[in-house]
Structures are given as structure tokens and as C-alpha cells.
Amino acid sequence: MLRRAISTALYLAICAGVHAQDARIVIRAEQLGRPVSRRLFGANICWPMYTNNLDQETNVASDFLALAPLASQLGLTMLRYPGGLWSDAYRWQRGIGPVSERRGGSPNGTGEGQQPLLGTDEYLRFCEAADMEGIITVNYGLSTTESLETACQEAADWVDYCNSPAGSGKWAALRTMHGHPEPYRVRYWEIGNEIYLRDGHYGAKWGHTDVTTYARRCVAFARAMRAVDPTIKIGAVIHTKLDFVSPNDTKIGSNKPWSQTVLEVAGNDIDFIIPHVYSGGPGGQTALLANNGTVGGLCTATTTGTYTI
């Protein structure tokens, strides 16, 4: 443990641009540091099972469930679903019930026509078997392809299906019919995935809006979902650079910074923020650790609300 602490300290010093010969590192093994949240060690999984490198011809839910002990051995503690880009085109109600009766999980986007073998129940049973906590990204894209009201209702129904007590309504009854009477108690929910990308990025032609639209819709989503379960925690998408302006804003002549605007508009209705950090390549680690103009300084750059990273 001491060797790991020293290695970590040296790494951080180097990444921060401090020359090793000038650095002074003091290890106080007797002092307890800040506890590390078990939620830090997570992974992401996509609803189309073939995208998780499982055999398209033979994979079934039981085979996937058999991987749970391996995930547990890895020390993974959270699992995000239904998977990044795929989230904003996924219709979750098409992924429950008998597999033979499931339609394409994404009727208007990536994965169109793919049968959702890895639905909500398979995913959450895997989490239970692997002692992992679930975190679900709701379909923000539906608010751009249909209507905000439809999207909010679908998100609220998903919370209902996952968390409502047995006997409390139609979604709890349906979950019971599918073999899980007890609620799954999914606590963490995200609203959309990288909404700041331009329309057409990675081939996605849904879900990307300007920041003001996103922030206002976040409030609507959060209130609809909390009306079903007020104990859930809801996160909104931010960018790692404070001065980042989405190409969707540039397109309409706006220069509003993404992260700042999300916090100002939706801050009182969210519980955590979702920065997607891609730190690979030259200087990536240094940029991640810097506190000036990046996610490291985000929570001190605004007075709206309290945010957990």
C-alpha cells in the first residue's frame, strides 16, 4: 500500500508538470486520507449484446449472467446502461418481457432492428449477481425525435418499472410478471449522453441540442422522474472545459458555455454532474488534473447548487 501511495504521488507530481528533482513528497502513513467512493470503479455496457463482444449467434441472457463472477473479481462496482451513444435512441419498453416478443430496441437510430437481448431485467439481474450498482441513462433523444412530454413520461415509467414497490401499479405488476417482484432500487440516473456533440457525430442524428434547450429539458426530466421516486439521484451532462461552446450553439449564433449554463439553469434539480473525460494522448493527464478552466475547477466556478463528481 505504501509503495502504491508513493507511486501515485510521483505520478501526480509529474503529470502536474513538476520536475521530479524539484518535488518533495511526504508520506504520512499514519494519517487517514479521504475515503475513495466505491462508485469510482465502474464500466459501461450497451444494450445490443453484440457490441459487448459477445457472440452474436449464441449469446443468451444466461451466458451473460455467467460473467457476473468475473466482473465481481475485477472489482467493478457500478455498471452504466444502456450504453453511451445508444442511450439516446433506446426504447426501454422494447427490452422487457419474453425475448421472442421483443422488437427492435432502437426504431429510429443506431441499432435499428437489433433485438434487445440485454434488456432492463437482464442488466439489473447481472448487477445483483455481480454486487454492482446500476446507473441508467434515459433516452433524451426522444425529446428531439418525438416530444419532450413523451420523453419525460418514458423516463418516469422506467423509474417506475425499476423502483416502485410490488403491487403499487402497472409497471411494478409488469416487473413482477417478469420474475422480479421486489424493486431493483436503481438510485442513479443520467439524462442523455454527450448532448453537446454536433448532430451526426458518430452517425447519431438524434438527441443533440443547444445547451439552453438541454438544461431546461433536464429540469422537466428530473421533475417527472422524481414524481415517481423522490429518492433517486439525477445527473446532467457537462463538458470538461468550462469555456466549451457546443457546435449546436454555434450553429444558432449562441456562445453560451455548456457546463456553466447547465448548472445555472438546472443546478437546483440535479444531484451530480457527468463529465466524459478522454485523457489519452499527449498532455491528456495534465489537462485532466489542471484546476484552471477544466472540470477540476468546475464546482468552484459557479454558485448554483452543490455537485458531486
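How many strands form the open sheet, in what order do they stand, and is the pairing parallel or antiparallel?

**View 1. The open sheet of the predicted model.** Six strands form this open sheet, standing in the order 1-2-3-4-5-6, and their pairing is parallel. Strand 1 (42-44) and strand 6 (272-275) each have a single partner strand and stand at the edges, so one side of each is left without a neighbour in the sheet. Direction ignored, neighbouring strands of this sheet are turned against each other by 25 degrees on average.

**View 2. The pairing of strand 1 with strand 2.** Strand 2 comprises residues 78-81 and pairs with strand 1 in the parallel sense over three bridges. Within this pairing, alanine 43 has leucine 79 of strand 2 as its bridge partner.

**View 3. Helix 4 and helix 6 on the sheet.** Helix 4, formed by residues 120-130, packs on the sheet, where it touches strand 2 and strand 3 (133-138), and the direction of helix 4 makes about 170 degrees with that of strand 2. Helix 6, formed by residues 148-163, also packs on the sheet and touches strand 2, strand 3 and strand 4 (188-191), while the direction of helix 6 makes about 160 degrees with that of strand 3.

**View 4. A nonpolar surface patch that includes leucine 40.** Val36, Leu40 and Phe41 make a nonpolar patch of about 330 Å² on the surface. Leucine 40 lies in the loop between helix 1 (2-15) and strand 1. Because its relative accessibility is 59%, and exposed means over 50%, leucine 40 counts as exposed.

Note on methods
Residues are numbered from 1 along each chain as its sequence is written. This is a predicted model: local features need pLDDT of at least 70, side-chain atom pairs count only at pLDDT 80 or more; totals for chains, interfaces and linings use all residues. Side-chain values use heavy atoms; hydrogens and water are left out. Two strands pair if DSSP finds at least two bridges between them. Helices (H or I, at least four residues) and strands (E, at least two) are DSSP runs, numbered from the N terminus. Axes are lines fitted to C-alpha atoms, for helices over the stretch in contact, and angles run from 0 to 180 degrees between N-to-C directions. Contact means heavy atoms within 4.5 Å. Patches are made of residues with over 30% relative accessible area and no salt bridge: like charges are joined within 9 Å, nonpolar side chains (Val, Leu, Ile, Met, Phe, Trp, Tyr) within 5 Å. Accessible areas come from the Shrake-Rupley method with a 1.4 Å probe; for residues, only the protein chains shown count as cover. A salt bridge is a side-chain nitrogen of Lys or Arg within 4 Å of a carboxyl oxygen of Asp or Glu. Buried means under 20% relative accessible area, exposed over 50%, partly exposed in between (1.4 Å probe, protein chains only).
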